[in-house]
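Biologist: I have a model open and I'd like to learn how to read it. Can you walk me through it, one feature at a time?

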Amino acid sequence: MAEPILELDGLSKVYPGGLKALDNVDLTIRRGEIFALLGPNGAGKTTLIGAVCGLVRPSGGTIRAFGQDLSTDWRSARKRIGLVPQELSTDMFEPVIRAVSYSRGLFGLAPDKARIEEILRSLSLWDKRDERIMALSGGMKRRVLIAKALAHEPDLLFLDEPTAGVDVELRKSMWAIIEQMRARGVTIILTTHYIEEAEEMADRVGIISKGRIIMVDEKDAMMARLGRTEAHIALAQPLTRLPPEIARFPVELEHGGTSLRYHGGDGTGKGKAEVADLTKALIAAGIDYVGIDTRESSLEDIFVTLLGEDA
């Protein structure tokens with residue numbers, strides 16, 4: 001298992017008035033992974049990021065990054081952390097290249113024109129380098145935020161809703177950019193409303209609700225363990241009742257006996273295998289079918305179910 005790059009232990013944040021934004025959060029991020037933090041608005045995602053990046057003062061708990069306690073070694077650790085915030089409030093009147101170069105200098109790094117050019121080219125911003133940020137499209141402004149976060153070559157990068165407000169095509173191109181960052185060894189923590197983003201890219205997924213982490217798991221393991229399988233089997237001849245060898249499966253007749261609906265695999269990840277067994281049992285029982293449509297739970301289905309249980 002990869003070594004931890006970030007460790008949160010009992011992290012809490014209570015705002016004046018009693019709002020508990022973070023409630024005793026324990027979380028370990030592994031070096032080199034893409035970790036997706038999912039949760040509804042107000043769940044605590046942005047507060048958690050702000051606490052690690054020095055924008056929010058925690059009420060309790062500890063934060064260790066790169067083996068350093070951020071309460072005592074914040075300045076040196078913060079140099080290795082990048083943040084792409086949700087908000088597009090950036091140096092709107094500055095040309096792109098000047099804004100990105102300035103971000104590098106903020107962290108005490110010497111100017112490096114070749115590195116800045118490499119970053120801008122990787123984000124398809126090189127041709128826009130002399131344009132003022134205010135003149136760019138929303139998607140290009142989002143890319144400038146990423147370029148500014150990468151300018152000081154962080155080892156740990158937070159992306160807070162990086163593709164909010166951009167179209168599907170641009171979103172997919174930004175997924176590719178995130179993969180390139182990971183290939184260079186950057187550890188990425190991603191918050192997103194687009195759950196297909198997490199399903200596409202994340203190695204692990206954490207779900208946060210009401211300031212508490214309610215689950216963390218490998219994405220594939222979570223989908224296998226908590227997913228469900230649904231299958232609709234169109235029968236060649238309608239049935240009035242199910243024979244015992246078919247009724248033992250989690251199935252029911254629909255549409256006047258012309259269709260068989262399977263709904264199972266809950267928490268076992270064995271739905272696909274059980275559907276295969278069901279089709280064999282149908283054949284053995286002399287029940288012919290003319291079509292089958294199978295659907296697996298998405299990460300979004302699991303997310304909605306877990307939040308419903310936490311309500």
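Modeller: Sure. Keep in mind that this is a predicted model. Let's begin with the cavity lining: helix α6 (residues 168-183) contributes the most to the lining of the largest cavity, with three residues.

Biologist: Which residues line the largest cavity?

Modeller: The lining consists of Ser-122, Leu-123, Leu-150, Ile-177, Gln-180, Met-181 and Arg-184. By class, four of the lining residues are nonpolar, two are polar and one is charged.

Biologist: How much space lies in the largest cavity?

Modeller: About 30 Å³. A search of the whole structure turns up one cavity of 30 Å³ or more.

Biologist: Next, helix packing. At what angle do the axes of α5 and α6 cross?

Modeller: For a helix pair, look at the crossing angle and at how far apart the axes are. Helix α5 (residues 138-150) and α6 have axes that come within 11 Å and cross at roughly 10°. Angles under 35 degrees count as roughly parallel, so α5 is roughly parallel to α6.

Biologist: And which residues meet there, from α5 and from α6?

Modeller: From α5 you have Gly-139, Arg-142, Arg-143, Ile-146 and Leu-150; they meet Leu-170, Ser-173, Met-174, Ile-177 and Met-181 in α6. That contact has six nonpolar, two polar and two charged residues. Leu-150, Ile-177 and Met-181 also appear in the cavity lining.

Biologist: On to sheets. In what order do the strands of the six-stranded sheet run?

Modeller: With a sheet, read the strand order, then the pairing, then the edges. This open sheet goes β6-β7-β8-β3-β9-β10, and its pairing is mixed. At the edges are β6 (81-84) and β10 (212-218), each pairing on one side only. Neighbouring strands here are turned by 15° against each other on average, direction ignored. α5 packs on this sheet, touching β6 and β7, and its direction makes about 170° with that of β6.

Biologist: How many bridges join β7 to β8?

Modeller: Five bridges join strand β7 (residues 156-160) to strand β8 (residues 187-191), and the two run parallel. Leu-157 stands opposite Ile-188 in β8.

Biologist: What about the sheet of four strands: what is its order?

Modeller: That open sheet is β12-β13-β11-β14, with antiparallel pairing. β12 (251-254) and β14 (289-296) each have a single partner strand, so one side of each is left without a neighbour in the sheet. Helix α10 (residues 271-284) packs on this sheet, touching β11 (229-235), β12, β13 and β14.

Conventions: Residues numbered from 1 in each chain as written. Predicted model: local features only at pLDDT ≥ 70, side-chain atom pairs only at ≥ 80, totals over all residues. Heavy atoms only, no water. 1 Å grid on protein atoms, 1.4 Å probe; cavity = no way out; pocket = protein on both sides within 12 Å on 5 of 7 lines; lining within 4 Å. Points joined across faces, edges and corners; volume = space filled by probe spheres on them. Nonpolar A, V, L, I, M, F, W, Y, C, P; charged D, E, K, R; others polar. Axes fitted to C-alpha atoms, helices over the stretch in contact; angles between N-to-C directions. Parallel < 35°, antiparallel > 145°, perpendicular 65-115°, else oblique. Contact = heavy atoms within 4.5 Å. Pairing = 2+ DSSP bridges.
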